[in-house]
Each structure stands twice: as C-alpha cells, then as structure tokens.
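Reader: Hi! I am new to protein structures and would like a close look at a single part, explained step by step. Please start from the picture below.

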Amino acid sequence: MDKKIIYSGIQPTGCITLGNYIGALGNWLKLQDDDEYQCIYSIADLHALTVRQNPAEFRARTLSFFAQYLACGVSPEKNIMYFQSHVPAHAELTWILNCYTYVGEASRMTQFKDKSAKNADNINMGLMDYPVLMAADILLYNTSMVPVGVDQKQHLEIARDIANRFNNAYSPTFNVPEPYISTMGAKIMSLADPTSKMSKSDANINATISILDSRDVVMSKFRKAVTDSDNTIRIGEDKPGITNLLTIYASVTGKTIDEAVAECSDMPYGVFKQHVGEAVDELLTPVRIKYNDLMGDKAYLISVAKEGAEKAAYLAQKTLRKVYKKVGLFQL
Ligand code: TYM
C-alpha cells in the first residue's frame with residue numbers, strides 16, 4: 001500500500017520560534033515515526049522573498065533553518081527534506097494554479113491583509129500569490145495531511161478550493177489535503193503581549209523564544225513574561241498570559257493542561273514562570289548542542305539537501321507532467 005503523504009514547511013524569516021516548534025515541528029517529529037506516512041518537509045525559501053531580504057543574510061539563514069530542522073530531530077533517513085527553490089516544479093505549478101485562483105479570494109486572505117498593512121511600501125504580487133505557491137507545494141506531492149499551526153488554516157482552505165476546482169474542471173488530479181492542527185498549542189502567544197501570536201518577526205525580543213536561545217536568555221524572557229495580577233494559576237479567556245504559559249508547559253513536557261494546572265496551581269507566579277522556563281530549556285538545550293555540531297559540517301547539510309531535492313523533484317515532476325497534459329500544453 002502506498003504511504004499517505006504529509007507535507008509541511010517553514011519560511012526562513014526571523015528565527016524558528018517556540019511557537020513554530022510547538023505548532024508545527026513537534027508534530028512533524030511525531031508523524032515521522034508513523035509507518036503509515038511518508039513525510040516531506042521543506043524550507044519555504046521562495047515564500048520568504050515576498051518581503052525584502054538581505055541576500056547574504058538570507059542565504060545563511062536558510063541553511064541555518066535546515067540545520068535547525070535536523071537539530072530538532074527531523075530525520076533525513078525517515079523524511080524527504082529539501083529547499084523549495086531547489087525543485088523548480090513549485091514555481092511552475094504555481095503559474096498553472098494562478099490561472100485557477102481568483103483575485104478576490106486571494107485578496108481576502110487574512111495574512112495578505114496583515115502583511116500588506118505591515119509592508120505598505122511593498123505590497124508586491126508575490127505577497128498576494130503566497131497562498132497559491134503554498135497550494136503548489138502541497139498539491140505537487142498528492143499530500144493527504146498538512147501539519148501546521150492554526151494561522152495557516154485559511155491557506156489550507158484555499159489550497160483545497162484550488163484542488164477541487166482543478167479536479168472538477170478536468171478529472172481527479174490532486175489529492176484534497178486536510179490540515180493537521182493540534183488541539184493544544186496550535187497558537188502560542190507572545191510572551192510580551194499574550195493577546196497576539198508569538199511571531200518570528202516581532203520587533204520586541206522578549207516576545208519570542210528562538211529555539212536557539214541560550215538558557216540565560218530563555219530564563220530571562222520567561223521571568224519577564226506578561227501575566228496578570230490575580231495570582232491564580234488556571235486557564236481562562238480572562239487570563240491569556242497564564243493560559244499561554246500553561247499551554248507551553250504542557251506542550252513541552254507532554255502533559256495535559258489539567259495535569260499542568262494540578263502541578264502548578266499552588267506556585268507563586270515567579271516560581272511558575274521559572275518552572276516553565278526550566279522545562280523549555282530542557283527541551284532546547286540538546287537542540288542547541290546538536291545545531292552547533294551540524295553547523296560545523298556544512299558538507300553534510302548540503303549533501304542531505306541535495307538528496308532531498310532529488311527525491312522531491314522526482315515526485316513533483318510526475319504531478320507537474322500530469323497537470324501540463326490535462327490543461328492541454330503541447331508535449332514533445
Ligand atoms: P511560518 O513559517 O509562518 O510558520 C511555520 C509553522 O509554524 C506555525 N506557527 C505557529 N504555531 C503555533 N503558534 C505560533 N505562534 C505559531 N507561529 C507559526 C505555522 O502555522 C506553520 O505551521 N506559509 C507557511 C510555510 C509554508 C507551508 C507550505 C506550510 C510554505 N509552504 C506548505 C505548510 C505546507 C508559513 O509561512 O509558516
């Protein structure tokens with residue numbers, strides 16, 4: 001029996017955050033151990049070009065993100081791992097899918113509206129086309145499931161709409177993918193403002209934990225995490241800061257929220273924050289060590305990326321050829 005395909009990726013912008021880890025990467029690690037699935041994980045470098053990048057920094061960051069995937073335990077033996085730009089079929093299928101996507105639906109995407117507001121001087125076509133490129137990523141591999149955080153749900157919905165539209169116009173071509181979103185940790189909030197998402201590009205350094213932050217930095221950011229003044233540890237809409245810290249604690253320790261509350265409810269806030277910081281540091285210390293080792297062996301990283309790109313390109317090309325034929329492009 002053919003394995004079901006899992007596909008996901010991260011844009012190499014800012015840093016890989018604890019939010020990315022809990023919302024996405026952590027699930028990748030679980031799924032890679034399930035024999036039912038073939039998982040494909042990319043560095044979404046073409047997506048990152050929708051905002052201006054310094055070329056030298058961008059190039060270095062892209063490789064660093066790849067090393068961080070590996071350092072977290074995403075395994076090149078179990079998965080196909082590659083850089084999106086190394087497989088030309090992504091850009092090629094995007095063009096075709098553009099012709100099956102309406103300007104109206106693309107311009108209604110929440111992230112497009114948010115990013116347009118933030119980059120008012122650079123609302124480029126790529127920004128609007130972003131979800132179509134993401135649909136191409138997913139649809140090229142006949143993906144069944146896409147493990148992402150809740151902020152990507154709308155992009156998944158448009159990918160499904162495009163797939164259905166194409167299938168109905170021709171004949172079944174694309175698998176229609178399902179999102180895979182955890183019930184807990186699908187939206188980790190900023191430590192500085194727990195009513196907004198922890199975001200890679202936050203200008204406030206205390207808002208975000210990078211998975212490469214040192215122990216001192218992790219502890220200091222948790223110490224400063226914004227909470228409230230009522231001194232009780234419980235979850236609730238009226239307690240976004242404490243709810244977020246409990247969610248982080250439960251996610252990184254593998255406990256349920258109820259277990260986390262039971263364990264921490266008697267702690268003063270200062271002790272609780274320290275406790276969460278310790279648990280996060282325990283998760284991240286081995287990642288940091290492995291990352292430093294990997295960055296010392298660029299030849300290895302490049303060999304993994306090359307092998308991944310070859311495997312991905314083979315699969316992607318099969319789908320692209322089918323699509324070109326269906327739309328009536330002349331074949332040689
Ligand atoms: P990106 O790079 O913004 O985020 C990577 C992954 O992390 C999740 N995430 C979060 N989860 C929980 N809490 C948070 N605060 C948080 N912030 C981010 C995101 O939902 C995502 O799963 N467009 C995608 C990258 C992409 C992609 C794809 C994903 C490109 N092609 C194909 C899936 C399939 C993005 O920008 O994610």
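On which residue is the kink in helix H1 centred, and about how many degrees is it?

Author: Happy to help! The kink in H1 is centred on Ala-24 and comes to about 40 degrees, where the bend is the angle between axes fitted to the seven residues ending at a residue and the seven starting there. Please keep in mind that this is a predicted model, in which local features need pLDDT of at least 70 and side-chain atom pairs count only at pLDDT 80 or more, while totals for chains, interfaces and linings use all residues. Residues are numbered from 1 along each chain as its sequence is written, and side-chain values use heavy atoms, with hydrogens and water left out.

Now follow H1 from end to end. This helix covers residues 18–31, 14 residues in all, and its first and last C-alpha atoms are 19 Å apart, close to the expected 20 Å (1.5 Å times one less than the number of residues). Helices and strands here are DSSP runs, numbered from the N terminus: H or I of at least four residues, and E of at least two. At the N-terminal end of H1, Thr-17 acts as a cap, with a side-chain oxygen 3.1 Å from the backbone nitrogen of Gly-19. H1 is also mostly covered, since 13 of its 14 residues are buried (under 20% relative accessible area, with a 1.4 Å probe and protein chains only).

Strand E4, residues 143–147, is mostly covered as well: five of its five residues are buried. E4 pairs with strand E1 (residues 4–10) in the parallel sense over two bridges; pairing requires at least two DSSP bridges between the strands. Within E4, Met-145 is the bridge partner of Ile-6. E4 also runs parallel to strand E5 (residues 178–180), joined by three bridges, and Pro-147 stands opposite Tyr-180 in E5. From E4, the chain passes through helix H8 (residues 153–169) to reach E5, a right-handed β-α-β crossover: with the strands pointing away from you, the path from the first strand over the helix to the second runs clockwise.

Lastly, look at the ligand. A polar side-chain atom of Tyr-130 lies 2.5 Å from one of the ligand's oxygen atoms. Gly-149 places a backbone N or O atom 2.8 Å from a ligand oxygen atom, and Met-198 has a backbone N or O atom 3.0 Å from a ligand nitrogen atom.

Conventions
Buried means under 20% relative accessible area, exposed over 50%, partly exposed in between (1.4 Å probe, protein chains only). A polar contact is a pair of N or O atoms within 3.5 Å; within protein, one must be able to donate a hydrogen and the other to accept it, and residues adjacent in sequence count only if both atoms are side-chain atoms.
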